[in-house]
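Visitor: I'd like a close look at one part of this model, taken slowly. Could you pick a sheet, show me how its strands pair and what packs on it, and then connect it to the rest of the chain?

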Amino acid sequence: MAVPARTCGASWPGPVRTARPWPGRGPRPCPDPRGPASGPARPLSLLLPPLLLLVPLLAAPGASAYSFPQQHTMQHWARRLEQEIDGVMRIFGGVQQLREIYKDNRNLFEVQENEPQKLVEKVAGDIENLLDRKVQALKRLADAAENFQKAHRWQDNIKEEDIMYYDAKADAELDDPESEDVERGSKTSALRLDFVQDPNFKNKVNYSYTAVQIPTDIYKGSTVILNELNWTEALENVFIQNRRQDPTLLWQVFGSATGVTRYYPATPWRAPKKIDLYDVRRRPWYIQGASSPKDMVIIVDVSGSVSGLTLKLMKTSVCEMLDTLSDDDYVNVASFNEKAQPVSCFTHLVQANVRNKKVFKEAVQGMVAKGTTGYKAGFEYAFDQLQNSNITRANCNKMIMMFTDGGEDRVQDVFEKYNWPNRTVRVFTFSVGQHNYDVTPLQWMACTNKGYYFEIPSIGAIRINTQEYLDVLGRPMVLAGKEAKQVQWTNVYEDALGLGLVVTGTLPVFNLTQDGPGEKKNQLILGVMGIDVALNDIKRLTPNYTLGANGYVFAIDLNGYVLLHPNLKPQTTNFREPVTLDFLDAELEDENKEEIRRSMIDGNKGHKQIRTLVKSLDERYIDEVIRNYTWVPIRSTNYSLGLVLPPYSTFYLQANLSDQILQVKYFEFLLPSSFESEGHVFIAPREYCKDLNASDNNTEFLKNFIELMEKVTPDSKQCNNFLLHNLILDTGITQQLVERVWRDQDLNTYSLLAVFAATDGGITRVFPNKAAEDWTENPEPFNASFYRRSLDNHGYIFKPPHQDSLLRPLELENDTVGVLVSTAVELSLGRRTLRPAVVGVKLDLEAWAEKFKVLASNRTHQDQPQKCGPSSHCEMDCEVNNEDLLCVLIDDGGFLVLSNQNHQWDQVGRFFSEVDANLMLALYNNSFYTRKESYDYQSACAPQPPGNLGAAPRGVFVPTIADFLNLAWWTSAAAWSLFQQLLYGLIYHSWFQADPAEAEGSPETRESSCVVKQTQYYFGSVNASYNTIIDCGNCSRLFHAQRLTNTNLLFVVAEKPLCSQCEAGRLLQKETHCPADGPEQCELVQRPRYRRGPHICFDYNATEDTSDCGRGASFPPSLGVLVSLQLLLLLGLPPRPQPQVHSFAASRRL
C-alpha cells in the first residue's frame, strides 16, 4: 500500500531539522513535533528506532511497485560514484606521475622561500623611494611657482595677443564648427604643436611645451586669466628640468585657484562630445591639497517665498557644493522654514564619500517650498550638528553653508550662544535667485563669523560661487607658511587624460606677496601642485608570480580604501568620481580582517594567520581557506602595505636551465608542429621580454613569443629570466606527462573529451590537440577559476560549464559540452610542501550522465536493468525509475553538474534553484548549503533621470508701495535673468533636465558607479548522509542527500514533485542592483568603519584678516542695459560670457 503524503499535524519519522527562517512567500514547513534542533542534522540511523527505518520501504505515491530507496542503498550508490571518479582521475589525471616527474627533474629547479616580513618591508621601501622622488619634484615646482608669482608684475592692460601658449582645447574647438573661436577668430597667439605617441602616458605628447586647459565657463580673455597665464609660463622650464632628473615622471600639473590648469608634457585635451565641464578646482587631488578636512552643514531655505526657479537653483547649488567635498570631509544637509529637518535619512554628519553624497543629491531633489523663513531654526540645527562629539567627524574646519533667497533676521542671539567669541565655526551665506530683498543681514552673518557672502543670481554663477569658499579655508594654511607645506597623497581616481587609475601627490602653492610696504602678507592660496603616479607603476614594484595564484600584495590609506588590490577593478569610466573601494568590501568581511584593517590604518606592523572566506574569480563560489596576512606602514605616506599568502605558497620553484641543449629541446614542445602528438599548449600572456608584442589572441601571442625567442635567448637582459626559465621548464615537464600517461590511453573508453595540466610557470597543456578548439579557460592559470579553486581545496573540483539563466540552454551537439574535473598536485621536497600545478580531465556530459544513471542503479555495468513484476517489491533507482525519481549531482556552489533527467542535461551549469526550486530550498533549510551575501561597489549602471520637483505654490501676495516703486528694478532684473538663462542654459542645460542626446554621447553621463548585491552558496555544516521530507501540504517529497568524499559534489535523490504549490520559495544566486545605493546606507552610517583623518589641520590663525568677506551689489535699473539686451536678443549675437567678478578676482592681482 502507498503511504499518504504528509500534511501538517501528521507524524512522519525523520531527523531533526535545523531551525532556519523560511525564505520566500511559499508555504512554511510544518514544525517538527519535537521542537527545533540546536545543532546540525544527524544521520537518520542515529535518530530513529529500528522499526521506523522500515518506513522508506513502503511504496511512495505514484510508484505502486517500487519504494523509495533505503539509506544504505543510496550510500552504496555514492560509494560507486566516488570510486568511479577517483579511478578515472588516478588513471588520467596523472597526479602521482607528475610528482615523480618533478622529482626526476629535481636538478633543473630550486625551491625558494617567500619570507613575508622581508618581502613586505622590501616592497614598502621600494614604494617609499618611488614616491619620494615625486615629492622632491613637487617641492621644486611649488617653490618655483611661489617665486615666479611673487616676481610677477600685474598688468591691467594685458591683451590676449600678448600671451603665447598652447591651448589644449584649441584643436577640439577648431574641429567644432559651432565653436565661438572659430566663428569670431581667436585673438590668442595660440601655439600649434606636433606630438609623438608615448606608451607611458598612453597618449600623444610634446616634451618641449606645457599645455593649458581653461574651464568652459571662464572667459580666456579676462585680465585675471591673462595675468595667470603670463606668470605660470615660467613653470615650463621647471617641468622640463624635473623630467630630466626623473624620466619616470608622469603628468606634472599646476591647478590654479582661478581655474587655469597648466600641465606637462603638452597633449591635446580629451574633451567630451558635448560641453566640457572639467574644472581643476573640483578634482579630488585639488580639493585635498587646497584645504584641511572639513565638517560642513548645509542648510537650505525652503520657505514659501522661494520661487520655482530659485528652488531649482538651490538644489543645483547644493549638489555642486557636495562635489567640492572629499572622503576626508564630513557633511549633512538640512532644509528649514519654521523648523529645520535633515533632507535625507542621515541624522548627523556623515563621511562625504561617493555613496553618501548620492543619497544627499537624491534627497535634495525632493525639497518642497512652504511656510515662512526661520533662520534661527536652521542655524540652531546646524550648530547642534557641529557640536555633536559622539560621532566620527573630521574635527578640523567647521562651517555652515546657508542658501536662501533673503531675509531680515540676523539671528545674532544664535551666534552669541554657539559661536562667539571664538568664532570656531565659519558661516558662508548664499543669496540665490533674482529678488529685491536686503542682503545686508546675509553679509553681516558671513562677515561676523569669518565666512564669506556670495550671490547666485542665475545658473551661470553656481559652479564658481560654490567652490570659492576654499580660498577662505586656505587662509590659515597660507599664514602657517612652511609648516603647512606638506605633501599629501590622494585616494585612487581616474586620470582625466587617459592614464588610468592614479594617485597624486599634492602640495599647496601660496601667495607670498604683500599688500604694501610693512603690510600684512597676502593670505590667498595660489593653487595646488600635483604629480601623478600610475597604479601600474606601483604594481611593478610588487612580486607577483612568485606568490602563486592566490597570493597577492595590497595597500590601503587612512580611510581604509585600497590603493592596491587584485579586486580593485572599477567598471565605471566616469573620471569625476574617485575610486573608493574599502578593504572590507574588496574582500569578504570578517572580524579578523577588521582588526587587520585597523592596525594598518594606525600605522602598525603585524602578522596573523586567519581562516576566512574567499570568493572565486568568476564570483560563483565561496571557499573557506587559510591565509597569512603580513603588513607594514609605507613611511612618509598615509599608506600601509599588506601581503597575503596561503600556506602552500610559502615556497615556489625557480627553474635553473643552464643546459642550453635542454632549453632548445623543451622549447621545441612550444612549437605548433608538436601539438598533434604532444597536445596543444597555451602560454600565459605575461611580460616575458620588453620587445614581446602582447595580444589577446593566444595563438598570435605564442607566435610573437616564438619569433622573439628565435632572436634572443632566455638569459637575455631584456627578458625576465625567472619567467622564461620557469615557462620552458614547465613545457618540458608537462610534455613528459603526455609521454608517460596520456598518449597511450584511450580517452573514449572513459568518456573523456580531454585531459589537461596547468602550471605556475604559465603553461596549460590540453590533450589531444583537437580538444583545444573547445577550450574556453583563461590561458593565464593565475586568472583561471578552476586553477585557483583547485589549489585552495583538497580533492577533485568539478566545474560545470557556466550558464546564465537569461541565456538559452546548452546545445549538446557533437559531444562538445564537457565538465571540468581538476585537482592540485602537491609536491613534498624534504620538509617543504608546495603546489606547482593542477591536472584534470574534461568529462563528456552526455556519456557521463548515462554513466551516472547506471552507477546510481540496482545493477552492475554488465547486468540488465532490474525490473519488478506485478507481485514483486523493489526499491526505485535512478535508471529504471527516472520518471518517478530525481537523481542529481550538485556542486558546492549549488550548480547542477549531472542529472538522470534527460530534459535537464541542457540545464547543467545553472543554479539548481532554477531547475528545482523546491528541492534547492529544502537543501538550504537543512543546512546542506550556507548563503553568503556581499556587495560589489565597482559596478557601472545607467544614470537615473533627475527629479523635476519644484516649489510649492506661493501664498497670496499683496504688493506694497515699495514694491511698485521697485517695478523698474524687477523689470531690469527679469530681463537680465532671462538673458543669463538663455546664455548659460545652452552650456548647463543638463543641470536642470536630462538631455537624451547628451546622455547618449557622453560616457560621463552614460554610466556611473553603483552597487550590486551578490549572493553565493557554499557547503554548510552537514557532512553526512541525510534523509528527510519536504513539507508542502499534499505535495510532500522524500529526499536523500549525501556529500561525495574527496569532491565538491552533493549527491541528491528525491521524489519528483507531483504538484507545484511550493515553487514560490525560490533562492536567487544572480546579481541584483540595489534600488538605492547600497546595503541600507542609512543604517550603515550608524556603524561607521574605523578611519583616521590627515594628521595635519590648519583651521585657525590669529593673524587672519577676515575683512574680505564678500560685498554684494544691487543691480541698478538701467534703461541703457534694457535696450542693449533687447538689441542683442533681436540681432541674435551671443555675447561672450563674463566671469563673476567679486572681491576674490580683484585680490588675484596681488
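**A sheet and its surroundings**

Guide: Gladly! Let's begin with one pair of strands: strand E34 (residues 885–891) and E35 run antiparallel to each other, and three bridges hold the pairing. One of the facing pairs is easy to find, since Val888 stands opposite Ser899 in E35. Please keep in mind that this is a predicted model. In general, strands of a sheet pair through backbone hydrogen bonds, in either a parallel or an antiparallel sense.

Now widen the view. E34 and E35 belong to an open sheet of five strands, with antiparallel pairing and the order E35-E34-E40-E39-E38. Its edges are strand E35 (896–899) and strand E38 (1026–1030), each of which pairs on one side only. Going from one strand to the next, the twist averages 25°.

Helices pack on this sheet too. Helix H1 (residues 71–93) lies across E34, E38, strand E39 (1037–1043) and strand E40 (1049–1055), and its direction makes about 145° with E40. Helix H25 (residues 845–855) touches E34, E35 and E40, at about 60° to the direction of E35. E34 and E40 are therefore among the strands that both H1 and H25 touch or cross.

Next, look for the sulfur atoms of Cys878 and Cys887: they are 1.8 Å apart and form a disulfide. Left-handed or right-handed? The torsion about the S-S bond of Cys878 and Cys887 is about -85°, so this link is left-handed. Buried means a relative accessible area under 20%. Cys878, at 0%, is therefore buried. Cys887 is buried as well, because its relative accessibility is 0%.

That brings us to the other links. With sulfur atoms within 2.5 Å taken as the rule, the model has five disulfides. Two more of them deserve a visit.

One is formed by Cys345 and Cys1082, with sulfur atoms 1.6 Å apart. Its S-S torsion is about -75°, so this disulfide is left-handed. It ties together distant parts of the chain, 737 residues apart: Cys345 sits in the loop between strand E12 (340–342) and strand E13 (350–351), while Cys1082 is in helix H32 (residues 1081–1084). Cys345 has a relative accessible area of 32%, so it is partly exposed. Cys1082 is also partly exposed, because its value is 30%.

The other joins Cys396 to Cys1097, with an S to S distance of 1.9 Å. Here the torsion about the S-S bond is 100°, and the link is right-handed. This pair also bridges distant parts of the chain, 701 residues apart: Cys396 is in the loop between helix H11 (375–387) and strand E14 (397–404), and Cys1097 is in the loop between H32 and helix H33 (1119–1131). Cys396 is buried, because its relative accessible area is 2%. Cys1097, at 33%, is partly exposed.

For a companion to our starting sheet, try another open sheet of five strands, again with antiparallel pairing, in the order E22-E21-E25-E24-E23. Strand E22 (562–564) and strand E23 (606–615) are its edges, each pairing on one side only. The twist here averages 35° from one strand to the next. Inside that order, strand E24 (residues 622–633) and strand E25 (residues 640–645) pair in the antiparallel sense over six bridges, and Val632 has Leu641 in E25 as its bridge partner. Helix H19 (residues 591–601) lies across strand E21 (552–556), E23, E24 and E25, at about 135° to E23.

Finally, a word on confidence. The average pLDDT of the chain is 83, and 78% of the residues score at least 70. Over residues 946–1005, though, pLDDT is below 50, and the model gives this stretch 104 contacts beyond near neighbours in sequence. Residues 1113–1150 also stay under 50, with 68 contacts beyond four places in sequence.

Key:
Residues numbered from 1 in each chain as written. Predicted model: local features only at pLDDT ≥ 70, side-chain atom pairs only at ≥ 80, totals over all residues. Heavy atoms only, no water. Helix = DSSP H or I, 4+ residues; strand = E, 2+ residues; numbered from the N terminus. Buried < 20%, exposed > 50% of the residue type's maximum accessible area, 1.4 Å probe, protein only. pLDDT = per-residue confidence, 0-100. Contact = heavy atoms within 4.5 Å. Pairing = 2+ DSSP bridges. Axes fitted to C-alpha atoms, helices over the stretch in contact; angles between N-to-C directions.
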